[in-house]
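Below is a colleague's note on a single model. Please read the points alongside the sequence and the coordinates.

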Amino acid sequence: MKRIFHLADTHIGYSAYRKIDEATGLNQREVDTYEAFKQFVDYALDEKPDVILHAGDMFDSVRPTNRAISLALTQLLRLSEAGIPFVVISGNHETPRLKETGSVFSLFEHIPEVYVVHRNKYETIELDDITIHAIPHCDDIEGEKKKIKVDKNGFNLAMLHAGIKVRGKPVPVFAMGDINEQIISIDDLTGLDYIALGHYHRCTKVREDAYYAGSTERFSFGEVSDNKGFLEVRLHDDGTRKVIFHQLRIRDMVDLEPVVCDGLDADGIRRAIRTRILDCEPDGKIVRLRVLGIPLHVYHTLDFDEFKRLTKHAVHFEMRYEFKREDGGYSSASQSAFHSLHTEFEKFIDRYSGIAHIDKGRLKELGLQYMRKWQNEE
Ligand SMILES: [Mn+2]
């Protein structure tokens, strides 16, 4: 029997919101990604799997900070010293657009038991009777895939970082909407014992032999209902397999039940908002509260200072107010406890009316992605 730990999308070095971790003085969300990875490594050291597969986006950006690199290095050395092989492919977040930029992964190449695959092409790694067919994020994933030759002696594993389209469905089903993501099919990948996928952030069984491990943290409210963790894959000698999800303990993210203002008077609305805030015990959490159909005159009577005071120990508390328009529809403006550039940008897009032909959700997503990238490169 072989035991494989499969994880992906740790996005080490990600940061968001303005909350600072008091112990380290660092961005709280950055610390959270470090903690999640460390927690995984602690678990691996206790359980000693035969191999660990990291299916890409280990780092959040092409140029992680020295701190992010140092954190990753420390954890990889712990695994290396314990003799646990660690194989990682580069994902779309950490693959440079220009080859001259060089990959951060080249720093890890000389660590015993650590195998990094980042050269824009398919590579194989042999570990005793396990063959790992690894394809990093690259220009021609479809072409590289064709090079996979399954060796019938021993176990064959594949690693890929991409969105997957499913036969018979017109739209890519497992995609993130990143500008540079690759969307592929895995219909032609057969005869492997297991395919470890990265990129899609929700842990998902795509096929009997192919899974996304999902990310190890929640990176947007779109992931609010996901459990995060990694997969343990047990491959038995008789060809059967068992896949077990292990959940990591990570920061709470809550999208509260919206306050619906219809039928409430001004007092009722103020009380409802206050109750929602207090009931969710926001300290240390990432929270969003939507207030739907609030009349403008009531909005102007809200005690924003009080809301700020009640939510000041949250890692992030986002209030989104949607106003009732004359025609019965909603127009939204969000008031965040923290007016970050991100929030201001989202508010601007929400309010801007000259772009009816543009998908605002998609525009926001792209804009936020660029901002994160600039932030990381600074
Ligand atoms: Mn990705």
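The points below go from the whole chain to its domains and then to single residues.

1. Status and secondary structure. The model is a predicted one, and the remarks here should be read with that in mind. The protein chain contains eight helices and 19 strands.

2. Overall dimensions. The radius of gyration of the protein chain is 23 Å, which agrees with the value near 21 Å for a compact globule of 378 residues. Along the principal axes, the C-alpha atoms occupy a box of roughly 75 × 50 × 45 Å.

3. Burial and contacts. Of the 378 residues in the protein chain, 54% are buried. When contacts between residues at least 6 apart in sequence are considered, 65% of them join residues at least 24 apart.

4. Surface and charge. The protein chain has an accessible surface of about 17,700 Å², and carbon and sulfur atoms account for 49% of that surface. There are 62 negative and 52 positive side chains, and 3 Å separate the centres of the two sets.

5. Domains. The domain assignment places residues 2-247 in domain 1 and residues 253-377 in domain 2. The centres of domain 1 and domain 2, taken over C-alpha atoms, are 34 Å apart. To the contact between them, domain 1 gives 20 residues and domain 2 gives 24 residues.

6. Glycine 83. This residue sits in the loop that runs from helix H2 (66-81) to strand S3 (86-89). Glycine 83 counts as partly exposed because its relative accessible area is 39%. Its C-alpha atom is 6.5 Å from that of glutamate 113, although the two residues are 30 apart in sequence.

7. Asparagine 120. Which loop holds asparagine 120? The residue belongs to the loop between strand S4 (114-117) and strand S5 (123-127). Its phi is near 65°, a positive value in a residue other than glycine. With a relative accessible area of 24%, asparagine 120 is partly exposed.

8. Aspartate 128. A positive phi in a residue other than glycine also occurs at aspartate 128, where the value is near 50°. The residue is in the loop between S5 and strand S6 (130-135). Is aspartate 128 buried or exposed? Its relative accessible area is 77%, so aspartate 128 is exposed.

9. Phenylalanine 155. Strand S7 (residues 155-161) includes phenylalanine 155. The residue is buried, as its relative accessible area of 9% is under 20%. Leaving aside residues up to four places away in sequence, phenylalanine 155 touches Lys2, Asp129, Ile130, Thr131, Asp193, Leu235, His236 and Asp237. Valine 87 is 68 residues away from phenylalanine 155 in sequence, and their C-alpha atoms are 15 Å apart.

10. Valine 206. This residue is part of strand S11 (residues 204-207). Valine 206 is partly exposed, its relative accessible area being 22%. Which residues does valine 206 touch, not counting those up to four places away in sequence? They are Ile164, Phe174, Ile186, Leu197, Tyr211 and Tyr212. The C-alpha atoms of valine 206 and leucine 157 are 15 Å apart, and the two residues are 49 apart in sequence.

11. Proline 282. The loop between helix H4 (266-279) and strand S17 (286-294) holds proline 282. Proline 282 is a buried residue because its relative accessible area is 6%. Not counting residues up to four places away in sequence, the residues touched by proline 282 are Ile277, Val287, Leu310, Thr311, His313, Ala314 and Phe317. Aspartate 252 lies 30 residues away from proline 282 in sequence, with 9.3 Å between the C-alpha atoms.

Conventions:
Residues numbered from 1 in each chain as written. Predicted model: local features only at pLDDT ≥ 70, side-chain atom pairs only at ≥ 80, totals over all residues. Heavy atoms only, no water. Helix = DSSP H or I, 4+ residues; strand = E, 2+ residues; numbered from the N terminus. Rg over C-alpha atoms; globule rule 2.2 N^0.38 Å. Buried < 20%, exposed > 50% of the residue type's maximum accessible area, 1.4 Å probe, protein only. Contact = heavy atoms within 4.5 Å. Areas by Shrake-Rupley, 256 points an atom, 1.4 Å probe, with all protein chains shown as cover. Lys, Arg positive; Asp, Glu negative; His and termini not counted. Charge placed at Lys NZ, Arg CZ, Asp CG, Glu CD. Domains from an automatic or database assignment.
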